[in-house]
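Please open your viewer and keep the sequence panel beside it, so that each selection can be followed step by step.

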Amino acid sequence: MAKIVKDKKFYTNLLALTVPIVLQNIITYLVTLADNIMVGSLGETALSGVFMANQVMSFIQMLVIGLSTSCSVLATQYWGKRDTKSVSSIGAITLRFAIGIGLVTWAVVFFFPTQVVSLFTNEAEVIRVGAGYIRIICFTYLFFCVTNVLIAVMRSVENVRIGMIVSLFTLIVNVSLNWLLIFGHWGFPRLGVQGAAIATLTARIVEFLVIVTYVRKVDKKLRFRFSALLRFDKLLRKDYFRYGLPVIAGDIIWGLNTSVQGAIIGRLGETAIASVSIVNTIFQIAAVAVYGVAGAAAIVIGKTVGSGDYEKVKDYSKTLQIVFLIVGVISGATLFLMRPVWLSIYGDMTPETIKMATQLLTVLSITMVGTAYQMSTLTGIVRAGGATHFVFVNDMIFVWGVVIPSALLAAFVFHAQPWVVYACLKCDQILKCIVAVIKVNRYKWIKQLTREA
């Protein structure tokens, strides 16, 4: 029977992995927050246009997260066996897919910017602003894809600090250039929304150069070489598709879910769009501890499964569930109590937008506890332990069987208030907890995915 872990080394290691991931997420979301505030000062139409245009980036992020997680699920288990050659091969497979995604999405958006933005909203002025922004921002896609896969490869071998360093460079470059180019300070042209896009593009190029230099010149654990892109391991590629495809498909589904949610919100008016843009950014910052501990848990579980010590895996999973709940309660309470402080940053928003944003933050402060438990349990333990198909099937059922149908009915049949629609879009975060607690405590998710050298 699994028991609570009392070994201090476990908690020290978990904290050592969690803190850099949390700091990386904080810095990343501070960039988004700074963009949000600076663009928001141009008015709600500008904020809404950028938010709608960034629905494409949200979809790409989910694809890249899927690729990166697929890489990590296999790579951490091989790292548990200290098989660095296989880790490098898995990283190369992931990188080839990431490059393809970056190039294809760039082509679609660059040649059809207006049509892409109009998929998410029917507000003519929002489409015009969004199209101008996305025509520039699409050049960031390739850099973003490669950078984040390389960070995931490094994280798989417990090298988590580089992600924080890369994000710090992004913060400095992006915020500085935003201030110069959006508002035209120090003699720079006042470019508004286009200035924000140029700032983000420059930051993406800088972070790409930083991670490539680190991987090539500094890292000593993996010693990844880009020549690995030209080598093809048929067995590992087969395993990558077998175990990774459900992860990638699951995150594609989640990306489509995010895009459909954006389209639903986009038809509730500018106030709703601006409010959701604000609260989503605030939630990301408030939830950094949740995502940090989930990421750290995935590394710990994957590595331990790879080492073959299954009894220790069970003990770790029981202990981590308690950690997830504690982190969720603290994060949810903080989000709720800090609502006035968060929203005071957005001084240029209308009273209607601030009122709606307050309602949406209340919804998120409740669902935060569910997110902390079910998301961390299902992705940080169950999926990292080898049961990659289960999370995909579970997400499919909840997204397309519960979340989207309930939100569509609330919005367009019952014409409910936006906060009710938003609650429908987030209801799975609570409902999935029932599934998570049953699945994780049966331990059938522990699967050895590696091959012998």
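**Stop one: the cysteines**

Select Cys-71 and look for a partner: its sulfur is 14 Å from the closest cysteine sulfur, which belongs to Cys-145, and that is too far for a bond, because a disulfide needs two cysteine sulfur atoms within 2.5 Å. Keep in mind that this is a predicted model. Move next to Cys-138, which is in no disulfide either, since the nearest cysteine sulfur, again that of Cys-145, is 12 Å away. By this rule, the count of disulfides comes to 0. Is Cys-71 buried or exposed? At 1% relative accessibility, Cys-71 counts as buried, and Cys-138, at 1% relative accessibility, counts as buried too.

**Stop two: the core**

Now select Ile-134, Tyr-141, Ile-301, Leu-335 and Trp-445, which touch the most other members of the largest nonpolar core, a set of 144 residues. Colour helix α2, residues 44–80, and you will have the element that gives the most to this core, with 18 residues. Then centre the view on Trp-445, which, leaving aside its neighbours within four places in sequence, is in contact with residues including Ile-301, Val-313, Ile-381 and Lys-439. A second, separate core of 6 residues can be found by selecting, among them, Leu-177, Leu-181, Ala-199 and Ala-203.

**Stop three: the surface**

Finally, show the surface and select Ile-4, Tyr-11, Ile-322, Ile-326 and Ile-330, which form a nonpolar patch with about 430 Å² of accessible area together. Which helix gives the most to the nonpolar patch? Helix α12, residues 310–337, does so with 3 residues. Ile-330 lies in helix α12 and is exposed, with a relative accessible area of 51%.

Technical notes:
Residues numbered from 1 in each chain as written. Predicted model: local features only at pLDDT ≥ 70, side-chain atom pairs only at ≥ 80, totals over all residues. Heavy atoms only, no water. Buried < 20%, exposed > 50% of the residue type's maximum accessible area, 1.4 Å probe, protein only. Patch = residues over 30% accessible without salt bridge, like charges linked within 9 Å, V, L, I, M, F, W, Y side chains within 5 Å. Areas by Shrake-Rupley, 256 points an atom, 1.4 Å probe, with all protein chains shown as cover. Salt bridge = Lys/Arg side-chain N within 4 Å of Asp/Glu carboxyl O. Helix = DSSP H or I, 4+ residues; strand = E, 2+ residues; numbered from the N terminus. Core = buried A, V, L, I, M, F, W, Y, C linked by side-chain atoms within 4.5 Å. Contact = heavy atoms within 4.5 Å.
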